[in-house]
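Here is a short guided report to read alongside the sequence and the 3D view. Please have both open, and let us walk through the chain together.

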Amino acid sequence: MNRTKDSSTSLRIAIQKSGRLTDKTIDLLEGIGIEFDNYKRNLIVKTRNFDVELLLLRDDDIPEYVQDGVCDLGFVGANETQETGADVTPIRDLQYGKCRLSLAAPKDGEIQSPQDFEGKKVATSYPNLTRRFFEERDINIQIVEISGAVEIAPQLKVADAIVDLVSSGGTLKANGLVELDTILHSQTQLIRTNKELSPGKKELIERFLVRMDGYQKAAKSRYIMMNASTSNVERIKEIIPSMKSPTVMPLADNDMVAIHTVIPLDKFWTVMEELKEAGASDIVMLPIESMIL
Ligand SMILES: Nc1ncnc2c1ncn2[C@@H]1O[C@H](COP(=O)(O)OP(=O)(O)OP(=O)(O)O)[C@@H](O)[C@H]1O
Ligand SMILES: O=P(O)(O)OC[C@H]1O[C@H](OP(=O)(O)OP(=O)(O)O)[C@H](O)[C@@H]1O
Ligand SMILES: [Mg+2]
């Protein structure tokens, strides 16, 4: 297979230039072995060891760049993809940038439910999703489009209520607002263009996804090692929730073995207690960089 650098088959991936998604996306790309420099200063970044270049954009622009085929892939929140209505395909859900697009209004005010929005002014950076939500419920509202700091609009009397992203709810609370309903649950996604791609690019996307899937599986797993006496091995094997049979290796002490395996992270603490009770000692848990099964 020819893997020499060829700009016509180089993948172009859009990521957020500076914001909530940037560090996690950069960590992910570095975690799958893609090496690059100076992403803070440049808008296009060449990578050294994979046929891919990164385009650093405002997150709102990413779905349309991918739709138009300027970029082949993009890392962006589902909120932006849905708001723009871009013709792209989400191909992976990622575990960061989790938030929801919600309706909120001043605490103890006259708006207590979506029905109370009738005839009101609603400030938002998401006019399309907001309009659709209220149209579907036959509620007439006036949208005031604001690009940031939406939560202060009611205090400034610019609007009666808002539609904005919420995660912890801290920003709403700090501005005397309460959440009344949710329009959309969102998380970061990897989106792919629907434009026809060359066989070379399709192959690069496949290779990129194998790495990404390995990285994500690894993030949810831990490598564990423990020692046990030979007589306890069967009991311990029954407790271990691993996908495959564990590795059992003899130690210098004849009656003792080392047991190595990979388990889901969310099972580690409960299993660790049971393993100790079953006779395991010197239990070590290690993070895994990647898992290609
Ligand atoms: N409070 C939050 N918790 C978790 N994820 C969030 C939160 N707020 C936003 N997000 C997600 O992170 C994305 C980027 O948020 P950010 O605030 O950096 O956007 P922005 O200010 O519009 O940036 P840009 O300058 O790129 O347009 C959002 O589109 C959403 O998917
Ligand atoms: O529920 P919370 O955890 O308080 O998060 C919600 C806030 O987070 C986002 O803004 P961000 O902090 O990204 O700043 P921005 O408005 O400048 O984009 C969003 O627009 C809300 O204002
Ligand atoms: Mg934005």
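Let us begin with helix α1 (residues 22-31), where T25, L28 and L29 are buried. These three cover an arc of only 95° around the axis, which puts them on the same side of α1. On the other side of α1, D23, D27 and E30 are exposed. Here a residue is buried if 20 or more other C-beta atoms lie within 10 Å of its own, exposed if 12 or fewer, and partly exposed in between, with C-beta atoms placed from the backbone. The arc is that of the directions from the helix axis to the C-beta atoms, while helices (H or I, at least four residues) and strands (E, at least two) are DSSP runs, numbered from the N terminus.

A word on the source: this is a predicted model, in which local features need pLDDT of at least 70 and side-chain atom pairs count only at pLDDT 80 or more, whereas totals for chains, interfaces and linings use all residues. Residues are numbered from 1 along each chain as its sequence is written, and chains are lettered from A and ligands numbered from 1 in the order in which they are written.

What do the buried residues of α1 pack against? Their partners are β1 (11-16), β4 (73-77) and α6 (199-219), where contact means C-beta atoms, placed from the backbone, within 7 Å. Just after α1, G33 takes a positive phi of about 85°.

Helix α4 (residues 127-136) can be read in a similar way: T130, F133 and F134 are buried. Seen down the axis of α4, these buried residues fall within an arc of 90°, so they line one face of the helix. E135 and E136, on the other side of α4, are exposed. The buried residues of α4 pack against β7 (120-124), β8 (141-145), β9 (161-166) and β10 (177-186).

Positive phi values also turn up in residues other than glycine, as the table shows.

| Residue | Phi | Place |
|---|---|---|
| D138 | about 55° | just after α4 |
| N38 | near 50° | loop between α1 and β2 (44-46) |
| D282 | about 50° | strand β15 (residues 281-287) |

N38 counts as exposed because it has 8 C-beta neighbours inside 10 Å. D282, with 10 such neighbours inside 10 Å, also counts as exposed.

Now for the larger divisions. The domain assignment (automatic or from a database) gives domain 1 (11-97 + 188-218), domain 2 (99-185) and domain 3 (221-287). The C-alpha centres of domain 2 and domain 3 lie 52 Å apart. An unreviewed UniProt entry places the feature "domain: ATP phosphoribosyltransferase catalytic" at residues 58-213; such annotations may be inferred rather than shown by experiment.

Where does ligand 1 lie? Domain 1 and domain 2 both give residues to its shell, so ligand 1 lies between them. Of the 16 residues around ligand 1, G19, R20, G77, C99 and S167 come nearest; a residue is near if its C-beta atom, placed from the backbone, lies within 6 Å. By class, this shell has three nonpolar, seven polar and six charged residues. Nonpolar covers Ala, Val, Leu, Ile, Met, Phe, Trp, Tyr, Cys and Pro, charged covers Asp, Glu, Lys and Arg, and the others, Gly among them, are polar.

Ligand 2 is surrounded by residues including R20, G148, E151 and D164. β9 gives the largest share of the shell around ligand 2, three residues. That shell divides into two nonpolar, six polar and three charged residues.

Key: Two residues are in contact if their C-beta atoms, placed from the backbone, lie within 7 Å.
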